[in-house]
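Me: I would like a close look at a single helix in this protein and at what it packs against. Please take one part and follow it through, with the rest brought in where it helps.

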Amino acid sequence: MFIIAFFPGLIAIALTFLLKDKKSSSPHHSITSPPHHPAFFSYFRYWKKASPGFRRLTGGLLAFALFNSSDAFLLLALKNQGMSDMHLIGCYIFYNLVYALLSYPIGAIADKFGLKTLLIAGLLVFSVVYFFFGFATSLLAFGVLFFFYAFYAAATEGISKALITNMADKADTATAIGFYTSFASIFTLLSSSLSGLLWYAIGPKAMFMISGIGVFGVVVYLFIFFNRKVRKG
């Protein structure tokens, strides 16, 4: 399986060499004023200059990341119920297949009904799926949960970054995405560590329930935030 996965990855890397950078329309730098090269971690200071809307949206998404542990815990839930390795692999392949099939139509739905609506719907589905993951005992139940988990992924993966792009100034788009992605990775690491502690301290059922309830709180926060933005607009 790893060998099979290697070749599509290699092709994807090769295709990047066909990409060309967009030429800047700004005037050339003067010889006496060399181009500015920001420090590697300078984007961490972006929070101070970012708009209030960006800070509130990113704050909600980072709170979600703090409750969104690694997908490995979903597979461990199957293992905890005595499922075979074949069932684990099958469920994860099923999840990725559904995710791939739903991504395009959900993107079209987002264009029609709005990015904010789809993001809220996706996070709400995540909350319900995680809450019930600790109660699932059969392969059918896990299959249904993985289906809806794929819906959540398709409804939030690109949409969250699109919303961040809309909230940020055009000149700071890459910085805003880099800021969010960096901190989301850190928060996900913390979430997975805490989830591991909860798994062994109080059990997987409680761990999934805590994550589901926590994300529901994030859904309520974002719903209030988006509705305030709409009323002000």
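Reply: What follows is a description of helix α6 in a predicted model, with its surroundings taken up in turn.

The setting comes first. The protein has nine helices and zero strands, so that its pattern along the sequence reads α-α-α-α-α-α-α-α-α. It has 233 residues, of which 34% count as buried.

Helix α6 covers residues 115-133. With 19 residues at 1.5 Å each, α6 should span 27 Å, and the C-alpha atoms at its two ends are 27 Å apart, so the expected and modelled values agree. The buried residues of α6 are Leu118, Leu119, Ile120, Gly122, Leu123, Val125, Phe126, Ser127, Val129, Tyr130 and Phe133. As background to such a list, an α-helix has 3.6 residues a turn, so residues three or four places apart point the same way.

Two of these buried residues, Phe126 and Tyr130, lead to other helices through their rings. The structure holds 25 aromatic pairs. One of them joins Phe126 and Tyr149, with 6.1 Å from centre to centre and 40 degrees between the planes, and it is classed as tilted. Phe126 belongs to helix α6 and Tyr149 to helix α7, so this pair links distant parts of the chain, 23 residues apart. Both Phe126 and Tyr149 are buried.

Tyr130 makes a pair of another geometry with Phe208. Their ring centres are 5.4 Å apart and their planes stand at 70 degrees; because planes over 60 degrees apart count as edge-to-face, the pair is edge-to-face. Tyr130 sits in helix α6 and Phe208 in helix α9 (residues 204-232), so the pair ties together parts that are 78 residues apart in sequence. The backbones can be compared at this point too: the C-alpha atoms of Tyr130 and Phe208 are separated by 5.3 Å. Tyr130 has 0% relative accessibility and therefore counts as buried, the cut-off being under 20%. Phe208 is buried as well.

Phe208 also leads to the packing of the protein as a whole. The largest nonpolar core has 55 residues, and those with the most contacts inside it are Leu57, Phe133 and Phe208. Phe133 is one of the buried residues of α6. The helices that each supply at least two residues of this core are α3, α4 (72-80), α5, α6, α7, α8 and α9. The most comes from α7, with 13 residues. For context, in soluble globular proteins, nonpolar side chains tend to be buried together.

Helix α7 (139-167), the partner of α6 in the tilted pair, also holds Ile159. At 8% relative accessibility, Ile159 counts as buried. The C-alpha atoms of Ile159 and Ala110 are separated by 8.2 Å, although the two residues are 49 apart along the chain.

Helix α6 also takes part in lining a pocket. The largest pocket contains about 450 Å³ of space. It is lined by 22 residues, and those closest to its centre are Phe64, Asn68, Tyr152, Glu157 and Tyr180. At least two lining residues come from each of α3 (52-67), α5 (85-113), α6, α7 and α8 (173-202). Here too α7 gives the most, with seven residues. By type, the lining divides into 12 nonpolar, seven polar and three charged residues.

Helix α8, which shares this lining with α6, can be treated in the same way as α6 was. For its 30 residues at 1.5 Å each the expected span is 44 Å, and its end C-alpha atoms are 42 Å apart, which agrees. The buried residues of α8 are Ala176, Phe179, Tyr180, Ser182, Ala184, Ser191, Ser192, Ser195, Gly196 and Trp199. Among them, Tyr180 is one of the residues closest to the centre of the largest pocket. After α8 comes Gly203, which has a positive phi, near 105 degrees.

To return to α6: its Phe126 pairs with Tyr149 of α7, its Tyr130 pairs with Phe208 of α9, and its Phe133 is among the residues with the most contacts in the largest nonpolar core.

How values were computed:
Residues are numbered from 1 along each chain as its sequence is written. This is a predicted model: local features need pLDDT of at least 70, side-chain atom pairs count only at pLDDT 80 or more; totals for chains, interfaces and linings use all residues. Side-chain values use heavy atoms; hydrogens and water are left out. Helices (H or I, at least four residues) and strands (E, at least two) are DSSP runs, numbered from the N terminus. The expected span of a helix is 1.5 Å times one less than its number of residues. Buried means under 20% relative accessible area, exposed over 50%, partly exposed in between (1.4 Å probe, protein chains only). On a 1 Å grid over the protein atoms alone, a cavity is a set of points where a 1.4 Å probe fits but cannot get out, and a pocket is an open set with protein on both sides within 12 Å along at least five of seven lines; lining residues have an atom within 4 Å of a point. Grid points are joined across faces, edges and corners, and a volume is the space filled by probe spheres set on the points. Ala, Val, Leu, Ile, Met, Phe, Trp, Tyr, Cys and Pro count as nonpolar, Asp, Glu, Lys and Arg as charged, and the others, Gly among them, as polar. Rings of Phe, Tyr and Trp (its six-membered ring) pair if their centres lie within 6.5 Å; planes under 30 degrees apart count as stacked, over 60 as edge-to-face and the rest as tilted. A nonpolar core is a set of buried Ala, Val, Leu, Ile, Met, Phe, Trp, Tyr and Cys residues joined through side-chain atoms within 4.5 Å.
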